[in-house]
Amino acid sequence: MSIPVTITQRPPERAESKARLREIRAARPDLAARLKTLRTFGRRVRGCEIHLTTACNIRCKGCWYFEGGFDSAVDETSDPGLIRAFAEKLAADGVTQATLIGGEPTIVLDRVRPFVEHLPYITISSNGLRPLPRDGFENVAIGISLFGGGPLDDALRAHRPNGSAFRGLFETGLKHYRDDPRVTFVFALSEEGLPYIEPTVRAIRDNGNLVTFNFYSEHGSDHPLRIENEKRTLAEALRVKELYPDTVVSHPYFIEALITGRSHWGAQFGYDVCPSISVDLPEHEQRVANGNPVLDGFAVYGADYDTLQFCCTSGDCGNCRDSQAVYSWLMVSLNWFLDSEQRLETWLDLAESYWRQWYWSQSHSPNFHR
Ligand code: SF4
Ligand code: SF4
């Protein structure tokens with residue numbers, strides 16, 4: 001697939017979008033019904049992200065968290081009372097979803113529990129070295145990071161904090177989570193790893209898990225988004241998606257936007273359009289006012305459970321292609337998908353694939369209808 005670009009000079013007016021949507025709904029009740037389901041579920045999810053700990057049991061090459069100094073920027077707390085009160089306050093404020101990152105959440109399970117007890121939709125981002133138990137964490141979505149695939153993954157990720165290397169990190173994750181419906185691998189593609197994409201996805205399929213694509217960018221290097229042959233990378237990612245449509249959750253439109261950074265209306269992904277920012281930070285005032293949508297009420301907290309962070313990842317906007325930020329950008333851009341029924345259909349497919357990434361929003365999950 002290739003996203004045909006229609007350069008539009010101005011964002012659609014609200015009234016214009018509403019009128020278009022009314023027309024399409026009248027003409028296509030099937031699309032109207034899908035949109036309603038998505039909006040009903042979307043309204044239930046008010047998200048935040050929390051740096052649960054500054055510690056990690058490995059040191060990946062190019063990790064934005066450590067290379068960007070996030071581990072030392074705020075003082076981590078391990079105070080269970082404070083963490084519990086924080087989770088309670090989130091719930092009282094109407095937050096329903098938390099993405100727990102680190103560092104590595106599985107090494108601080110006592111900090112995961114209060115969130116599981118108070119919020120219905122929890123995702124943890126893990127490297128897969130330690131398993132998240134089922135008992136008490138039955139409904140938690142687990143995103144397992146994976147860099148490059150094949151031997152590249154160990155080369156990039158399998159390094160202990162003391163610098164020594166080990167082997168088999170991906171295989172360890174597979175072993176921990178065989179046929180575990182909570183798990184989606186978050187596979188950061190890299191140009192060097194093109195030959196490994198298909199076998200890696202096949203291994204995930206054979207293990208009974210799902211995979212969503214991310215883009216490997218080496219934080220701290222001169223060329224974080226190292227990509228010389230965009231077309232080749234895109235073609236291979238789309239080919240593998242076509243071969244394993246059920247295992248690869250990512251929608252082809254998303255895959256193209258992720259790799260190229262571009263949308264069909266001619267926008268380039270970056271700070272001006274990125275919705276995954278801590279909206280209450282004063283430094284985002286101009287961004288919030290520029291008319292491009294943000295995620296309502298979204299906030300990212302440091303490991304002191306208090307300090308607001310710039311955004312869901314490194315804050316290095318010029319070199320960012322964070323998969324969840326790109327997906328969120330497309331999700332909040334419905335107004336750009338109203339120029340035809342087909343385009344709206346694409347957005348609906350995209351939105352359904354976005355939610356399918358996480359166990360708690362899959363229809364078979366016990367939390368789905370909460
Ligand atoms: S597992 Fe995550 S936090 Fe730990 S080093 Fe790797 S990328 Fe960084
Ligand atoms: S670093 Fe990425 S996710 Fe963060 S604000 Fe910039 S573009 Fe968005």
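**Two ligands, a cavity and some odd backbone spots**

Sort the residues around ligand 1 by class and you get five nonpolar, two polar and one charged. Keep in mind that this is a predicted model. Below, we go through the two ligand sites, then the cavities, then a handful of residues worth finding on your screen.

**Around ligand 1**

- The shell of ligand 1 is made of C56, I58, R59, C60, C63, F66, G103 and N127.
- Which of these is the charged one? It's R59, since Arg goes in the charged class.
- The polar pair is G103 and N127, because Gly is counted as polar here.
- G103 also has a backbone quirk: the peptide bond that joins G102 to G103 is cis, with omega at about 10°.
- To find G103, look in the loop that runs between strand 2 (97-101) and helix 6 (109-118).

**Around ligand 2**

- Ligand 2 has F269, C274, I277, F310, C311, C312, T313, G315, D316, C317, C320 and A325 around it.
- By class, that shell holds nine nonpolar residues, two polar ones and one charged one.
- The charged member is D316, because Asp belongs to the charged class.

**The cavities**

- How many cavities of 30 Å³ or more are there? The count comes to two.
- The largest cavity holds about 90 Å³ of space, and this is where ligand 2 sits.
- Its lining is built from 15 residues, and those nearest the centre of the largest cavity are F269, C274, C311, C317 and C320.
- Split by class, the lining of the largest cavity comes out as 10 nonpolar, four polar and one charged.

**Unusual backbone angles**

- Some background first: most residues other than glycine have a negative phi, and most peptide bonds are trans.
- D179 isn't a glycine, yet its phi is positive, at about 55°.
- You'll find D179 in the loop from helix 8 (169-176) to strand 5 (183-189).
- Y305 isn't a glycine either, and its phi is positive too, at about 60°.
- Y305 is in the loop between strand 7 (300-301) and helix 13.
- Is Y305 buried or exposed? Y305 counts as buried because its relative accessibility is 4%, and the cut-off for buried is under 20%.

**Two residues to compare: W347 and N335**

- W347 belongs to helix 14, and the residues of helix 14 are 341-356.
- With a relative accessibility of 7%, W347 falls under the 20% cut-off, so it counts as buried.
- What does W347 touch, if you skip its neighbours within four places in sequence? Its contacts are L35, L38, L330, M331, S333, L334 and F337.
- One of those partners, S333, is 14 residues from W347 along the chain, and their C-alpha atoms are 8.8 Å apart.
- N335 lies in the loop that links helix 13 (323-331) with helix 14.
- Why is N335 called partly exposed? Its relative accessibility is 34%, so it lands between the 20% limit for buried and the 50% limit for exposed.
- Once neighbours within four places in sequence are set aside, N335 is in contact with P12 and S17.
- N335 and S276 are 59 residues apart in sequence, and from C-alpha to C-alpha they are 18 Å apart in space.

How values were computed
Residues numbered from 1 in each chain as written. Chains lettered and ligands numbered in written order. Predicted model: local features only at pLDDT ≥ 70, side-chain atom pairs only at ≥ 80, totals over all residues. Heavy atoms only, no water. Near = heavy atom within 4 Å. 1 Å grid on protein atoms, 1.4 Å probe; cavity = no way out; pocket = protein on both sides within 12 Å on 5 of 7 lines; lining within 4 Å. Sits in = over half its atoms within 2 Å of the grid points. Helix = DSSP H or I, 4+ residues; strand = E, 2+ residues; numbered from the N terminus. Buried < 20%, exposed > 50% of the residue type's maximum accessible area, 1.4 Å probe, protein only. Contact = heavy atoms within 4.5 Å. Points joined across faces, edges and corners; volume = space filled by probe spheres on them.
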